[in-house]
Amino acid sequence: MSQAKINAKMNDASKGKFSRTVSMADRTGRLLENLDQIEMRVEALREAATAMEQERECLIEIIQSIQNSQEMRTICDGEREELSLTASRLMGRTLTVNVSIDTIRNPQQEEALNKAIAIIDEIASQVLDNMEGARMRLQALHAACVTEAPPVPIDQKFQSVVISCSLEDQKKIKRRLETLIRNMDNAEKTIRIMDKQKVESSSVANGK
């Protein structure tokens, strides 16, 4: 075989190898592009589910606030019963919506989350015994979850626990603390209004 034919075959082989390499690179690039797009959609799905979860929590809180509001106590029995039934029906329908977002955690993050939940639950169980003290402790826990300088002292121990949690769990812990503090503020406001009404009623009864 002449050298020219050998060179020609080598050139053909090189062209074939080069073509296959380019084709494989193209396929790899397309697959990576598809996976990148899927990843964006997955994150958007999780964000949408998180928004739905927060909306559910918000609706439950609003309904509970209406059920326990001072306005519900100042209307006549018939209207209060009708409104209570409506609120209970809406609560029931809200509770039928279940949004589940699993968070991937390593063992250390799982342990930190359980510690944080235990600390919050312990304080929440003491609200009825000492509302003001419980509120101050919850505010100290919440201060440990914010990045800006808080107006109240930070619970340093709780902060070290929260930092060890996953980012998603940190957000959920912060939201739960905000909800607890807000509910306590609303409950205290209702108690103050009721106490004021008792004083006014007593004064009227005594002719003052």
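Is Glu57 buried, partly exposed or exposed? In this predicted model, Glu57 is partly exposed, at a relative accessible area of 35%. I shall use that residue to introduce the salt bridges, of which the structure holds twelve.

Glu57 forms a salt bridge with Arg175, with an N to O distance of 3.7 Å between the two side chains. This contact connects distant parts of the chain: Glu57 belongs to helix H1, residues 3-67, and Arg175 to helix H7, residues 167-205, with the two positions 118 residues apart in numbering. The partner, Arg175, is buried, with a relative accessible area of 19%; the cut-off for that class is under 20%.

A second salt bridge also involves helix H7. Here the side chains of Arg105 and Asp169 meet at 2.5 Å, N to O. Again, distant parts of the chain are linked: Arg105 sits in the loop between helix H3 (77-95) and helix H4 (107-124), whereas Asp169 lies in helix H7, 64 residues apart. Arg105 is partly exposed at 28% relative accessibility, while Asp169 is buried at 2%.

The third case lies within one helix. Arg135 and Glu132 form a salt bridge whose closest N and O atoms are 3.0 Å apart. Both residues belong to helix H5, residues 131-143, and because they are three residues apart there, about one helical turn separates them. Arg135 is buried, with a relative accessible area of 8%, and Glu132 is partly exposed at 39%.

Finally, I return to the opening pair. Through salt bridges with shared partners, Glu53, Glu57 and Arg175 are joined into one network.

Terms used. Residues are numbered from 1 along each chain as its sequence is written. This is a predicted model: local features need pLDDT of at least 70, side-chain atom pairs count only at pLDDT 80 or more; totals for chains, interfaces and linings use all residues. Side-chain values use heavy atoms; hydrogens and water are left out. A salt bridge is a side-chain nitrogen of Lys or Arg within 4 Å of a carboxyl oxygen of Asp or Glu. Helices (H or I, at least four residues) and strands (E, at least two) are DSSP runs, numbered from the N terminus. Buried means under 20% relative accessible area, exposed over 50%, partly exposed in between (1.4 Å probe, protein chains only).
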